[in-house]
Amino acid sequence: VVALAAACGGSKSKGTITIVVDAPFSRSPYIGDTVANGVRLAADQLNAQGISAGGKAYRIRVVRLDNGLSPARAVTDTRQALRRHAVAVMTDGTGVDATWRLANQKHLPICITYQGGTGLVDPKARPNVFRIAPTDHGLAFRLAEYMVPKGLKIAQLTDDSDYGQAGRAALDHAFKTVSKSVVARITLPSSA
């Protein structure tokens, strides 16, 4: 954020750095609020210590936009972030397939804080998309390393959302060599 502020240049007056949180506040408030609260906490800490670059003071403003788990709304929100001259979009991952090109045209980074599917982040194909949370792949293998030596029998419960299916694929891969440890693979409706 400070590097981005330095690029803004300037006068001695206080400037504003806008960070947009684009998350499913209406459809999955626990996800949206978790992402927004993390960004707000970091912004509050940075604002309290003070941010300056190029002889100018800045404060961070966090703007919440609701993607409602809709890629179309994520596109609308990305356009709004661009109009607000945001320096970054923090997202749960909804709509990244639809938003990354739009954001990349204006060099706007998209930071995924929730969805852990490995296909979303590709430095060559999507140079402006970053992950700031562990991948499903990494977490699934860590879980397997922890549980299998204990001799536990495992039931995998995932939901039918894109999140759930990406997680299931990672779990299936992690437990592939010890498939006898998994006694059930159950898919639940995401609305449950």
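Residues are called buried under 20% relative accessible area, exposed over 50%, and partly exposed in between, with a 1.4 Å probe and protein chains only. By this scale F130, at 40% relative accessibility, counts as partly exposed. The structure is a predicted model, in which local features need pLDDT of at least 70 and side-chain atom pairs count only at pLDDT 80 or more, while totals for chains, interfaces and linings use all residues. Residues are numbered from 1 along each chain as its sequence is written, and side-chain values use heavy atoms, with hydrogens and water left out.

We may begin with the overall layout. The chain holds six helices and eight strands, where helices (H or I, at least four residues) and strands (E, at least two) are DSSP runs numbered from the N terminus. Along the sequence these elements follow the pattern α-β-α-β-β-α-β-α-β-β-α-β-α-β. The C-alpha trace spans about 65 × 35 × 30 Å along its principal axes. Of the 192 residues, 42% count as buried. With contact taken as heavy atoms within 4.5 Å, 59% of the contacts between residues at least 6 apart in sequence join residues at least 24 apart.

Next comes the six-stranded sheet. Strands of a sheet pair through backbone hydrogen bonds, either parallel or antiparallel. Here two strands are said to pair if DSSP finds at least two bridges between them. The sheet is open, its six strands lie in the order β2-β3-β1-β4-β5-β6, and the pairing is mixed. Strands β2 (51–53) and β6 (129–131) form the edges, each pairing on one side only. From one strand to the next the twist averages 30°; axes are lines fitted to C-alpha atoms, for helices over the stretch in contact, and angles run from 0 to 180 degrees between N-to-C directions. Towards the β6 edge, β5 (residues 110–112) and β6 pair in the parallel sense over three bridges, and I110 has V129 of β6 as its bridge partner.

F130, introduced above, belongs to strand β6. Setting aside neighbours within four places in sequence, F130 contacts P109, I110, C111, I112 and V121. Its C-alpha atom is separated by 8.7 Å from that of L120, ten residues away along the chain.

Two helices lie across this sheet. Helix α3 (residues 71–83) crosses β1 (15–23), β3 (56–66) and β4 (88–91), and runs at about 160° to β3. Helix α4 (residues 96–105) lies across β4, β5 and β6, at about 150° to β5. The buried residues of α4 are V96, T99, W100, L102 and A103, and this set packs against α3, β4, β5 and β6.

The helices also take part in enclosing an internal space. On a 1 Å grid over the protein atoms alone, a cavity is a set of points where a 1.4 Å probe fits but cannot get out, and lining residues have an atom within 4 Å of a point. Grid points are joined across faces, edges and corners, and a volume is the space filled by probe spheres set on the points. The count comes to one cavity of 30 Å³ or more, and the largest cavity has a volume of about 40 Å³. Its lining consists of D22, A74, T78, V89, T91, T94, G95, V96, T99 and I110. Elements α3, β4 and α4 each supply at least two of these residues. The lining divides into four nonpolar, five polar and one charged residue, with Ala, Val, Leu, Ile, Met, Phe, Trp, Tyr, Cys and Pro counted as nonpolar, Asp, Glu, Lys and Arg as charged, and the others, Gly among them, as polar.

Some backbone angles also deserve a look. L69, in the loop between β3 and α3, has a phi near 60°, a positive value in a residue other than glycine. At 30% relative accessibility, L69 counts as partly exposed. H85 lies in the loop between α3 and β4 and likewise has a positive phi, near 60°. This residue is exposed, with a relative accessible area of 64%. Just after α4, H107 takes a positive phi of about 60°.

Finally, we turn to β7 and β8. Strand β7 (residues 154–159) and strand β8 (residues 182–188) pair in the parallel sense over six bridges, and D159 has L188 of β8 as its bridge partner. In a regular strand the side chains alternate between the two faces of the sheet. In β7 the covered face carries I154, Q156 and T158, whereas A155, L157 and D159 lie on the uncovered one.

Terms used:
On a 1 Å grid over the protein atoms alone, a cavity is a set of points where a 1.4 Å probe fits but cannot get out, and a pocket is an open set with protein on both sides within 12 Å along at least five of seven lines; lining residues have an atom within 4 Å of a point.
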